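Reader: Hello! Could you show me a structure and explain the words people use for it?

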Amino acid sequence: LCRGDYARHPLRAERPFRALVETPEGERAFEADAVLDASGTYGQPRAMGVGGLPAPGERALGERIVWTLGDLDARRTSLAGRAIVLVGSGHSAANAVHVLEGVAREAPDTRVVWVTRAANLRPCTEVANDPLPERHRVVRHANALAARPPGWLRVERRAAVESVAASVAGAVRVALSGGRTVDADAVVSLTGYRPDASLVSELAVETDPWSEGAARLSRALANVTDCLSVPALSPADLDSGEPGFHFVGARSYGSASTFLLKTGYAQLETVLDGLCATA
């Protein structure tokens, strides 16, 4: 069925889903009575430009930009002794500062410019009485480095990336708000992640307008501020608005950064119990 077929009619729930997938033998279409979308968000990094849009020149750089912590760790050796721009001020950026500190320790000529929209001396948000001690340690240390930068680190605050351009020699010039420019050999962009909505383009799902995650789940968790204290959810909280289709895992949280793996496991139990009960 297409998005508008049998809109709000009980007959829509009686029709199977049709999925097109790529297999080793080629494309294959098949039908299913229920679909759980666990496609996550990690493969879709947010752009680093103003307003969440790609900065001019950003898309042309492609894989020259480091988009994930895993990719950063894999490129540690090649970054040694290089000039690096780090964009972001969340927990991923805080972790990246730790990694780059290790690179600078091994190769003292490494230079890092940390670009953050925050105006604070300590750019990363520190959770009061943080129940996750490792997160507290990582963020606190990154903030301490930002407050008193060592020789290998410079911090550009209240800075938005306005454009990026690669030179013939391979360097990258990053233009920042306020007329500032930074020349670097590599760019690390850790500005968050968002879901890929192409899978549900023909489904009548309800998504949260801010996170692009599951709308009903977002409403159920509206007053929850501690990711370790997520209340038990009902099957209705995990309904997508499209009968038989459910967002689970990181995909259900969209661009929100408070998802934990144990939350995803609990979601799966709830959804599968609900499907078994109606089978």
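Author: Here are a few questions and answers about one helix and its surroundings. This is a predicted model, where local features need pLDDT of at least 70, side-chain atom pairs count only at pLDDT 80 or more, and totals for chains, interfaces and linings use all residues. Residues are numbered from 1 along each chain as its sequence is written, and side-chain values use heavy atoms, leaving out hydrogens and water.

Reader: Why is leucine 261 called exposed?

Author: Exposed means over 50% relative accessible area, buried under 20%, and partly exposed in between (1.4 Å probe, protein chains only). Leucine 261 has 59% relative accessibility, so leucine 261 counts as exposed.

Reader: Where is leucine 261 placed?

Author: Leucine 261 belongs to helix 9, residues 261-278. Helices here are DSSP runs (H or I, at least four residues), and strands are runs of E, at least two, all numbered from the N terminus.

Reader: What makes the buried residues of helix 9 lie on the same side?

Author: Thr263, Gly264, Gln267, Thr270, Val271 and Gly274 are the buried ones in helix 9. They cover an arc of only 125° around the axis, so they sit on the same side of helix 9. That arc is taken from the directions from the helix axis to the C-beta atoms.

Reader: Which residues are exposed on the other side of helix 9?

Author: Those are Leu261, Lys262, Tyr265, Glu269, Asp273 and Cys276.

Reader: And what covers the buried residues of helix 9?

Author: The cover includes strand 3 (35-37), helix 7 (215-220), strand 12 (245-247) and helix 8 (250-253).

Notes:
Contact means heavy atoms within 4.5 Å.
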